Amino acid sequence: MKTVLVTGGNKGIGLEICRQLSQTGYHVILSARSQERGEAAIAALAKEKLKVEFLLLDTADEASIATAAAELRSRHKALHALINNAAILPVWGGSILESTAAELRDCFVTNTLGPILLTQALLPLLQAGRPARVINVSSQLGSLQNMTDGWTGYGISKSALNAATRKLADALKPRGISVVAASPGWVRTDMGGEGAPLPVEKGAANIVRHLTETSGSISGQFLGEQGQIPW
Ligand code: NAP
């Protein structure tokens, strides 16, 4: 059975990714920064007869990443996939002319640095699970080609995540690990808001298929519903 770790798995797209991968037969490790919210999500899945494992992990906290990675190494010999899903959107809209240092810093720490540091920390487990995959959940708002003002901290941090995806893909190719950036589309979650066109099931499926349906030889790409998204 293949083992996958999902960050920010307690709600929204992350929780639905956990549900769909568990239904598909993966052993899912649902991680969350809150023990309480994580356990509530595990309990909700258990009511649907889906058994997933919990891991406490705050992806914005270096110490938490190190502790979680050590905990995971003590529980598992290999990891076949990592889905870097956890992210924040602290300011809705938001012109660059009004962006604060705190907004920019917080977005970078959670949305860019977290996935990079977690991938580094889990490298021994991912190598043991090769061919392994890392999926960085990105956003159309990170596309440089389509970039306009607004969504500043979030957009810049997702562009930087895309850049990290290219670098990780190159660095990890010789180690048998593929890395892609994938957008779920605009999805009705706490982050996406009520006006978003896609239900959470579809948004999660747009990520899950890059694990279950595409070839592991695809690496270093920015993928959306209609294929590649311009960087
Ligand atoms: P969401 O409903 O706001 O859920 C975000 C999840 O990330 C929550 O579980 C949250 O945990 C977790 N999280 C945030 N900071 C964390 C941290 N430091 N450590 C651990 N977990 C943390 O958002 P969503 O819509 O499901 O988004 C999921 C992914 O899709 C994100 O990467 C987002 O950028 C991307 N995305 C979403 C949309 C959209 O329209 N919704 C569009 C494009 C891309 P708490 O409950 O503890 O806060």
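The largest pocket of this predicted model is lined by 39 residues, and those that lie nearest its centre are Ala-87, Ile-88, Tyr-154, Thr-189 and Met-191. Three elements give two or more residues to that lining, namely helix H1 (12-24), strand E2 (27-32) and helix H6 (152-172). Among the contributors, H1 supplies the largest share of the lining, which amounts to three residues. The space in the largest pocket comes to about 980 Å³, and its lining, when sorted by class, consists of 17 nonpolar, 16 polar and six charged residues.

It is in the largest pocket that the ligand sits, and the elements that give two or more residues to the shell around the ligand are H1 and H6. H1 and H6 are also listed among the elements that give two or more residues to the lining of the largest pocket. Around the ligand there are 29 residues, of which Arg-33, Asn-85, Tyr-154, Val-187 and Thr-189 come nearest. Tyr-154 and Thr-189 are also among the residues that lie nearest the centre of the largest pocket. Divided by class, the shell around the ligand holds twelve nonpolar, eleven polar and six charged residues.

The contacts with the ligand can be followed atom by atom. A polar side-chain atom of Tyr-154 lies 2.5 Å from an oxygen atom of the ligand, while for Gly-8 a backbone N or O atom lies 3.2 Å from an oxygen atom of the ligand. At Gly-192, a backbone N or O atom is found 3.5 Å from a nitrogen atom of the ligand. Taken on its own, the ligand has 900 Å² of accessible area, and the protein covers 94% of that area.

The second largest pocket contains about 310 Å³ of space. Its lining is made up of 19 residues, and the closest to its centre are Ile-177, Ser-178, Gly-216, Ser-217 and Ser-219. The elements that give two or more residues to this lining are strand E5 (132-137), H6 and strand E6 (177-182), and the largest share, three residues, comes from H6. H6 is thus an element to follow through both pockets, since it is also listed for the lining of the largest pocket. By class, the lining of the second largest pocket has seven nonpolar, seven polar and five charged residues.

From the open pockets, the description turns to enclosed space. How many cavities of 30 Å³ or more does a search of the whole structure find? The search finds one, and the space in this largest cavity is about 50 Å³. The residues that line the largest cavity are Arg-133, Val-134, Ser-178, Val-179, Val-180, His-210, Thr-214, Ser-215, Ile-218 and Leu-223. Ser-178, which appears in that list, is also one of the residues closest to the centre of the second largest pocket. E5 and E6 each supply at least two residues of the cavity lining, and E6 gives the most, with three residues. Sorted by class, the lining of the largest cavity has five nonpolar residues, four polar residues and one charged residue.

Two features of the backbone complete the account. Where Arg-130 is joined to Pro-131, the peptide bond is cis, with omega at about 5°, and Pro-131 itself lies in the loop between helix H5 (123-128) and E5. The strand that follows this loop, E5, is one of the elements that supply at least two residues to the lining of the largest cavity. The other feature concerns Lys-49, a residue other than glycine whose phi has a positive value, near 65°. Lys-49 is found in the loop between helix H2 (35-47) and strand E3 (53-56).

Key. Residues numbered from 1 in each chain as written. Predicted model: local features only at pLDDT ≥ 70, side-chain atom pairs only at ≥ 80, totals over all residues. Heavy atoms only, no water. 1 Å grid on protein atoms, 1.4 Å probe; cavity = no way out; pocket = protein on both sides within 12 Å on 5 of 7 lines; lining within 4 Å. Points joined across faces, edges and corners; volume = space filled by probe spheres on them. Helix = DSSP H or I, 4+ residues; strand = E, 2+ residues; numbered from the N terminus. Nonpolar A, V, L, I, M, F, W, Y, C, P; charged D, E, K, R; others polar. Near = heavy atom within 4 Å. Polar contact = N/O pair within 3.5 Å; in protein donor to acceptor, adjacent residues only side chain to side chain. Areas by Shrake-Rupley, 256 points an atom, 1.4 Å probe, with all protein chains shown as cover. Sits in = over half its atoms within 2 Å of the grid points.
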